[in-house]
Amino acid sequence: MTFSWLPRTLRVRLTLWHLAMMVVVLAIYAAVVLLIVTRNASRALDARLRSDFRWAAGMAEQGPDGSLSWFEGDPWSEESPWLQVWASDGTLIYRTAVARRLPVPESEALLDRADGRIVPVASEPAPFRILGRRTVIGGDPVVVQVGRSEALMRQEVGELALVLLLGLPLSVAAAGLGGYYLARGALAPIADMTERARAITASRLGERLPIDNPNDELGRLATVFNETLGRLDSSFTQMRRFTANVSHELRTPLTAIRSVGEVALREPHDAASYRAVVESMLEEADRLSGLVDRLLSVSRADSGDRRRSRDAIDLAELADNVTAHLGVLAEEKEQALVVVRAGRPTFRGDRIVLRQALINLVDNAIKYTPAGGEIQVRVSALNGSAVLEVTDTGPGVPEQHAPYLFDRLYRVAGSSATGTGEDLHGGDGAGLGLAIARWAVEANRGRLGYEREARGSTFRITLPGDGPAATA
Ligand code: ADP
């Protein structure tokens, strides 16, 4: 049987389950009550039959002619006994008025089994119970039979069954109604939350669900939902900023190429001038492809499609390698670029990725430190962690910019590379260097942080110790 016409809401399902449970429990309860009451009534009937027999055996009156009789009382009263007394040869000696009114033909056949047992006999309007037993009254052996109809007992049990049967649907209906309103009340906040959640669109991600009680189930659900909204909101904001910045970054070199070309075509020039124009265009194209390369490596970092190797890296050697690689840039700006070793930590991780991070940090330090400054790469071990610090004597990053420093395409407004104005890795100041560095460090399970110094900046890479691999 299907209930496809019912609305499949949680409220209806809860109510139906509640009702089904009620019906089962009440039906079991009613059956048990009926069973117990029937058994007790039956036992009471048997007990009355035995007491009838005791009365019959003890209260016989013998007339002068030896005939037996009993005081029957009102033959129409409930308590007037059904009694038959048989002589040992099977002749009926005595029969009360009730026994005459309600004859039980089978009673004669029961004479042979008159051993004190109670025997049920089919009869109209209700079954009958007969207790027959041999005894001696007035010196003669006789069989005494007492009997009672089950009619009264059946009537009582029937009335009880009727009450239970009528009460069951009534109580189920009352419980169903109560359950429905209870479920509706309990689930109302969910409907409210659904409406509010529906109203929150991509353009209104700043809104939150109200939380009445943060400790109940709905409060916890709303809290988790709000946290998810918060994360979505910040990813959306970041994505919007990133898209805006990328468009801007791509447009600048394209505009340059276009305007150089337009100017060159406006009037005829000699071959040398055209060559200069083409070179300038190529330079811009280089800048563009450098930028695209960096964007690609950021998006690859996002998708995590590079398998990390686990090389044993000597960090002091890595620092030497990077400073040797970038030394020429520092030399051009007459900067001192030195490696300071405090211990000789090693680390297990991806050397190529980690080297990229260090190159970007040292490259920035050279770029943003004025000519004649000093750049230090410090290698040390601290509480089992390996630490690489790049400290410079440049202008530092203003405090309000520090939280966004590692965001993609974020640049400090007004900051500019000093000196050559060109970095080694394609595209001056696209704002990707630190984002890539942070990804590279985190891919190696490390942390990259920034600290403003009294004079200059320190970028610190902290790598987790790999047990004996990181040693001071
Ligand atoms: P960019 O390609 O512009 O250098 P980065 O992501 O490497 O992008 O750096 C982001 C911004 O952080 C830079 O625009 C610069 O203003 C600032 N910055 C980075 N390193 C330093 C540093 N060593 N000293 C001062 N400012 C720095």
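**Close-up views of two five-stranded sheets**

**View 1. Strands β11 and β12 pair in this predicted model.** Eight bridges link β11 (residues 374–382) with β12 (residues 385–392). The two strands run antiparallel. Across the pair, R378 faces E389 of β12.

**View 2. The pair belongs to an open, mixed sheet of five strands.** The strand order is β9-β11-β12-β14-β13. At the edges are β9 (336–342) and β13 (447–453), and each pairs on one side only. Neighbouring strands are turned by 15° against each other on average, direction ignored.

**View 3. Helices α7 and α8 pack on this sheet.** Helix α7 (residues 351–368) touches β9, β11, β12, β13 and β14 (456–463). Its direction makes about 25° with that of β12. Helix α8 (residues 433–443) touches β13 and β14. The direction of α8 makes about 130° with that of β13.

**View 4. Another open sheet of five strands has antiparallel pairing.** Its order is β4-β3-β7-β6-β5. β4 (92–95) and β5 (115–121) stand at the edges with a single partner strand each, so one side of each has no neighbour in the sheet. On average, neighbouring strands here are turned by 20° against each other, direction ignored.

**View 5. Strands β6 and β7 pair within that sheet.** Ten bridges join β6 (residues 128–137) to β7 (residues 140–149) in the antiparallel sense. G132 stands opposite Q145 in β7.

**View 6. Helix α1 packs on the sheet that holds β6 and β7.** This helix spans residues 10–58. Its contacts are with β3 (82–87), β5, β6 and β7. The direction of α1 makes about 150° with that of β7.

How values were computed
Residues numbered from 1 in each chain as written. Predicted model: local features only at pLDDT ≥ 70, side-chain atom pairs only at ≥ 80, totals over all residues. Heavy atoms only, no water. Pairing = 2+ DSSP bridges. Helix = DSSP H or I, 4+ residues; strand = E, 2+ residues; numbered from the N terminus. Axes fitted to C-alpha atoms, helices over the stretch in contact; angles between N-to-C directions. Contact = heavy atoms within 4.5 Å.
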